[in-house]
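Visitor: I would like a close look at one part of this protein. Please take me to an enclosed space inside it and then through the surroundings.

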Amino acid sequence: MSHHLSDPTLNSPPVTLPYDLEACTALMRGGSKSFFAASRLLPVRVRPPAIALYAFCRLADDAIDDGDDPVLAMVDLKSRLAAIYAGRPGAQDADRALTIVVHRYGIPIGLLEALLDGFLWDSQGRRYETLADVEAYGARVAGTVGAMMSLVMGASSDTAIARASELGVAMQLTNIARDVGDDARMGRLYIPRAWFREIGMDADAWLADPVFDARIAGFTQRLLLRADALYRRGEFGLSELPWDCRPAIQAARLVYAEIGKQLDREGLNSVTHRTVVSTPRKLTLIARATAVALKAPAVPDVPLSPVPAIHYLVDIVARARHTGVVPKRWTVPSRSFDERVEWMVDLFGRLEQRERISR
């Protein structure tokens, strides 16, 4: 199915482009199943741009990760980004869809450039000495996605971008904890090397022969504890979002956090085992997440400063906002309590139907 959207909101030519939304959706469905499941709770107005963002991110990651020359792939991707921001993308569905999104929602090019830098770090075998280094990587490959999603949902304040970026970093730390063995077998190590030195382990020797033991379990637990702290901060960002976007973000937060909890229950062994959250458990968490649409979200007792790794993401958006590139926060039509209850009943019914189908 082709889609045509026009946009008059950014300081560049109006964008009217056909693209295949289903092709972009297939990329999301074939990638992160947890992200895809949570995305189904997004309001209709937000789902297509979210899918478009994910599709481009997925293709960019694959281009750098799987190509013969990551540096050339990066040159090509930056050229594609320049064409996208000029309103003249190529024929790829992901590029054409992203063009509409960045112009309509005022997404600064700096966020996408930071994302590409993170992908390049992977291909270059970057070494991460400290947890701060790991979080800087997470800010690029996942915090950027959180910031862009926040803009798509209409939340561009410093607080909204900070909490969304931190939530992205939390999810990336969870991914790292879950994929210790898989990454090691590809020659990649995201556990801080300083942690190895603290207990007299040789990180490179372990990387050459990755085995699971109590020491690796301890490292994994430290990653998950840090992720949990960031998940708690992420919850405070819900108050910045339009109410109809909160269930999807809460669902993503709960489902990803559950990966860490399940890993902990399984003994923290992600070297020889890959942790998976069952579909029924995901559905339970997603159903629980819908409750945030009906209650006031949590607010911190004192303002939270952004964690250091994502400061620069907040700055990128703030500069764009001050130049008028980022649109002001959307106003979401208010709905009565009865309308919200009707929406939730319908949602629970659809979730129950999906659960029956999956059995």
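Guide: Here is a walk from the second largest cavity to the residues around it and on to the core.

This is a predicted model. The protein has 359 residues, and 52% of them are buried. It contains 16 helices and two strands. Contacts between residues at least 6 apart in sequence often span a long stretch of chain: 75% of them join residues at least 24 apart.

Now the cavity. Rolling a probe the size of a water molecule over the atoms shows where empty space is left. A search of the whole structure turns up two cavities of 30 Å³ or more. We take the second largest, with a volume of about 40 Å³. Its lining is made of Ile 176, Val 180, Asp 183, Ala 184, Arg 188, Leu 189, Tyr 190 and Ile 191. Six of the lining residues are nonpolar, two are charged and none is polar. The charged pair is Asp 183 and Arg 188. Helix 9, residues 180–185, gives the most to this lining, with three residues.

Step back to Asp 179. It sits in the loop between helix 8 (158–178) and helix 9. Is Asp 179 buried or exposed? Asp 179 is buried, because its relative accessible area is 13%, and the cut-off for buried is under 20%. Which residues does Asp 179 contact, leaving aside neighbours within four places in sequence? The partners are Ser 270 and Arg 274.

Those partners lead to another loop. Leu 268 lies between helix 13 (246–265) and helix 14 (279–289), in the loop that joins them. Its phi is near 65°, a positive value in a residue other than glycine. Leu 268 is also buried, at a relative accessible area of 8%.

Return to the cavity lining and follow Leu 189 and Ile 191. Both touch Phe 196. Not counting residues up to four places away in sequence, Phe 196 also touches Met 201, Asp 202, Ala 203, Trp 206, Ile 216 and Phe 219. Phe 196 belongs to the largest nonpolar core, which has 102 residues. Phe 196 is among the residues with the most contacts inside that core, along with Phe 56, Ile 107, Leu 111, Leu 112 and Trp 206. Helix 7, residues 131–152, gives the most to this core, with eleven residues.

Next comes Arg 193, in helix 10 (residues 193–198). Arg 193 is a charged residue, yet it counts as buried at 7% relative accessibility. Which residues surround Arg 193, beyond its neighbours within four places in sequence? Arg 127, Tyr 128, Glu 129, Ala 203, Asp 204 and Leu 207 are in contact with it. Take Glu 129. Arg 193 and Glu 129 are 64 residues apart in sequence, but their C-alpha atoms are 4.7 Å apart in space. Ala 203 is a contact of Arg 193, and Ala 203 also touches Phe 196.

One last check, on the cysteines. A disulfide is a covalent bond between the sulfur atoms of two cysteines. How many disulfides does the structure hold? The count is zero. Cys 57 is buried, at 9% relative accessibility. Cys 245 is buried too, with a relative accessible area of 0%.

How values were computed
Residues are numbered from 1 along each chain as its sequence is written. This is a predicted model: local features need pLDDT of at least 70, side-chain atom pairs count only at pLDDT 80 or more; totals for chains, interfaces and linings use all residues. Side-chain values use heavy atoms; hydrogens and water are left out. On a 1 Å grid over the protein atoms alone, a cavity is a set of points where a 1.4 Å probe fits but cannot get out, and a pocket is an open set with protein on both sides within 12 Å along at least five of seven lines; lining residues have an atom within 4 Å of a point. Grid points are joined across faces, edges and corners, and a volume is the space filled by probe spheres set on the points. Helices (H or I, at least four residues) and strands (E, at least two) are DSSP runs, numbered from the N terminus. Buried means under 20% relative accessible area, exposed over 50%, partly exposed in between (1.4 Å probe, protein chains only). A nonpolar core is a set of buried Ala, Val, Leu, Ile, Met, Phe, Trp, Tyr and Cys residues joined through side-chain atoms within 4.5 Å. Contact means heavy atoms within 4.5 Å. A disulfide is a pair of cysteine sulfur atoms within 2.5 Å.
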